[in-house]
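Me: I would like to learn how to read strands and a chain-to-chain contact in a model like this one. Could you take me through it step by step?

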Amino acid sequence: MLEKNQLENYLTLCMKSSADFAEIYEEEEVTETISMLNGKTEDVNRILKTGIGVRLYKGVQSVYAYANESNPEVVLPLIEDLRDALGKEEKDGKVELTKTEYENRHPVKIDFETTPLEEKTDLLKRATDSAYEADERIVKVQARLLNVKQKVQISNSEGRLIDDTRVRTRIMVDAFAKEGDNFQSGGDRPGAGMGLEFYETVSPESVGKEAARIAIVNLSAKDCPSGKMPVIIDNAFGGVIFHEACGHALEASAVSKNQSVFCGKLGQKIASDCVSAVDDGTIPNAWGSENIDDEGNFQKRRVLIDHGVLKSYMIDRLNGRRMGMESTSSSRRESYKYEPTSRMSNTFILAGDSEFEELFEGIEKGLYAKKMGGGSVNPQTGEFNFAVQEGYLIENGKISYPVKGASLIGNGKDILWNIDRVCKNLERGQGMCGSSSGSIPTDVGQPAIRVTSITVGGTANE
Amino acid sequence: MNKQAWIEYALSKGFESFEIYQSVSEEKRVAWFDHEMSSYVTSHVTGTSFRGIINGKMANTASEDVSDDKMEAVISAMIDQAANITSEDEVMIRKPAPAEETEYVQTWVRPSGAEIQELLKSLEEKILAKDPRIIQVTDLEWEEDTSRREITNSYGMKVEDGTKIQALVAGAAAMENGEVKNDFKVETVHDLAKFDADKFVNELADSVLSKLGAKGLPSGNYPVIFEKDAMTSLFSVFTGMFSGDLIGKGISPLRDKIGEKVFSELVTVMDDPRNQNAANLANYDDEGCPTKTKTLVDHGVFKMALHNTQSAMRMNTESTGNGFKPGYASPVGVHPMNCYIVPGDKSLDELCADMKEGYVITSLQGLHAGVDFVTTNFSLQSSGYYVKDGKRERSVTLVTVAANFLELMNKVVAVGNDLEWSYRSVTCPSIAFSECAVAGE
């Protein structure tokens, strides 16, 4: 990371242009991936990424340059290029930085970098053994351990200088089950903004067992019926429905350009009364948490929807300018190779007051989506989709049999009105969210919810 | 960095063989929004990855800081990594193999910054003037990516080449009766002087406006045509089935199927890294193995898998020169390069006329989630149009299409003639199928 006076010189030079704001983002990231197949370690891959990104604003125009060397021979020509793009101007005044210190909300107990490799491969071995032990029909197990340490330092022409270290770990297990010619898979991939102490709370055995359980359920799954029907979406990763159907359309990157179905709806009712939702980047050691966002502002808890009423968008500095609104500390990026923009952190529907069993009452025929896969959305039209990883048919208020190959589609502006029950059992699940500023870790979450009507896409047509 | 010094140091520390892969990439993006340049991005990044074999085990690592004073730390970490590998698979770093090189005949003419801004400005004006229902140019971006790679190893290999791409991305939104629809278009531009802006604008506007007034379809089984873009995106997520790595591991749906009929006899699949029509070609893969043209599926029969060095050794065969990696830091995987379904002789209009009635899918969403690679079951959000009496009747949106990909590929009625490469490294023509499950109203 660059010294304060070097940063001050670079920022001062940046401002000798028609720019009204300049920012330097520095990053050093170590990623370690360990892959195991059937209990044998196949690959240990370590990657060190290091780079610098310089950004200048002039009103709502942004120019950005990045490189993986921060010496003057590389950085000065980039700054020249950016000043040329906006127009050079001789201005007096020097940028002076003041380092902001704070207490780390996400402390790490066991550092993966100083932990011997054999202790980490042992975690994968335990997960693999547990998957095999779960059922004799498990014939193959793939397990991966991901450890990331990302150090960032952010400075800007307003005098801010701040840094953050983000540590994350995730275990990903895929189990494969075989019965005759029927070959199915199941997966589980929990993670946290923690060191290896995470595996003291979530045991590798439980992850292997869960992956095996889903693969075994899929062996007996039948084709999923299709058409509009009531759907119960269970907690944790089920929250991907809110992430896709609503979350992306509340990001300022869509709202500021009038490209969201929720433009101009602040203070208005956009969901049924039982829906309250937040985006909270401050939860200690959560997968999508960090001390500061990627523009150097302290992360926050943002109430997005309160009993159906839209309370806030998620806003970064640049899009905030287009909207005439302040940043909500929602600026994130995968790495220095991306300009940051408004993104989610840990986004979830808050707990309601229904009991889980009550959700099934009165459903003659519907779908119980126990585990969800990922999805996507077009924020401007509101059309979204997401995949069901583990689903069951509901008949006459009861779970009937497992179904496979289902996806759910709908429109975000309608679906939030169709949520009629919200359960008490709030949990979060981990995912990677892809958008214009790259792939970033985010938690989705919710308690179990009931949607009165949604299109289910399956292969069984009656 | 002094590559020879790194190699010599690695060998002195007990490595049997050692490889350095280095890529230098440069990017330039100019975005335009609401009558002005909204964003300009420029970059220069050098990435280096190392592979080395010690005691029969392969270690992999990558770094963006490879000053020579890091040599000791990197090599010692690699020794530790290799010592923890328990897989008994044989590994190898390739010796140099002389090969005939194909020269890429297409050239890219780089426009000036002023020309790019002028292009974006005029495109925005033209798109907005096209139809009063077009309310916004949502995306407008010029992109240039240049990269060079060099593979050097302890056997004296030195392979060096580069790729370049220039592309234009544009998106627009249209509104009618309070309903908003959008679409976008990507096109490679070799030379701005030869770029037909009016054709580009017309195609984008037609595609956005045609989405207005779209409705669902009653759930049921329909004859369908996957139009070339939708067919390409569906086929792309399943090209992993040809990977010798996944076949060897027993995960590919085509495991144990070599020599068997897996698709309709109307389907032939080629992998041709030296195809002159593609955006880029490669004479060598990322291990320095010479590439070649291969028929993967011949009239429905699965002829051969794609391999890198390791997957080939596992299955007692030779690498097919498909040891590519998605980025310099990724381990070498098995990937297709310029892979396509061989076109037939009918135009999309003729396919529609022959189908008489059915659903033409022009776009698929949710491909990263709604696909089960192992079983090949998929269920995806789609949009397109309904054909009646052989002609386009109305637009369709928000319906799912669901099937088992292997079963679907055995229901081919006809393969279209509209294969297009542009920026793609996997591409398909439009294909008509006898039936597919659709869920909507």
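What follows is a dialogue about a strand with its neighbours, and then about the contact between two chains.

Reply: Keep in mind from the start that this is a predicted model.

Me: Is strand β14 (residues 377-388) of chain B largely enclosed or not, and why?

Reply: The general idea is to ask how many residues of a strand are buried, which here means under 20% relative accessible area. In strand β14 of chain B, eleven of the twelve residues are buried, so the strand is largely enclosed by the rest of the structure.

Me: Which strands pair with β14(B), and in what sense?

Reply: In general one looks for bridges, since two strands pair if at least two bridges are found between them. Strand β12 (residues 358-365) of chain B pairs with β14(B) in the antiparallel sense over seven bridges, and B:Gln365 has B:Gln381 as its bridge partner in β14(B). Strand β15 (residues 391-404) of chain B also runs antiparallel to β14(B), joined to it by eleven bridges, with B:Asn404 as the partner of B:Asn377. Strand β13 (residues 371-372) of chain B, again antiparallel, is joined to β14(B) by two bridges, and in this pairing B:Asp372 is partnered by B:Asn377.

Me: How many residues lie between the strands in the hairpins that β14(B) forms?

Reply: The way to read a hairpin is to look at the turn and its backbone angles. The hairpin of β13(B) and β14(B) has four residues between the strands, and B:Thr376 in the turn has a positive phi of about 65°. In the hairpin of β14(B) and β15(B) there are two residues between the strands, and B:Asp389 takes a positive phi near 50°.

Me: Turning to the two chains, how many residues from each take part in the contact, and what area is buried?

Reply: The usual approach is to begin with totals and then look at individual pairs. The contact takes 66 residues from chain A and 68 residues from chain B, and the area buried between them is about 5500 Å², of which carbon and sulfur atoms give 49%.

Me: How many salt bridges are there between the chains, and which residues give an example?

Reply: The count between chain A and chain B is five salt bridges, one of which joins the side chains of A:Glu383 and B:Lys181 at 2.8 Å, N to O. On the side of chain A that touches chain B, strand β2 (residues 40-58) of chain A gives the most, with eleven residues. That strand also pairs in the parallel sense with strand β3 (residues 57-63) of chain B over four bridges, where A:Ile47 has B:Ala62 as its bridge partner.

Note on methods. Residues numbered from 1 in each chain as written. Chains lettered and ligands numbered in written order. Predicted model: local features only at pLDDT ≥ 70, side-chain atom pairs only at ≥ 80, totals over all residues. Heavy atoms only, no water. Buried < 20%, exposed > 50% of the residue type's maximum accessible area, 1.4 Å probe, protein only. Contact = heavy atoms within 4.5 Å. Buried area = accessible area lost by both parts, 1.4 Å probe. Salt bridge = Lys/Arg side-chain N within 4 Å of Asp/Glu carboxyl O.
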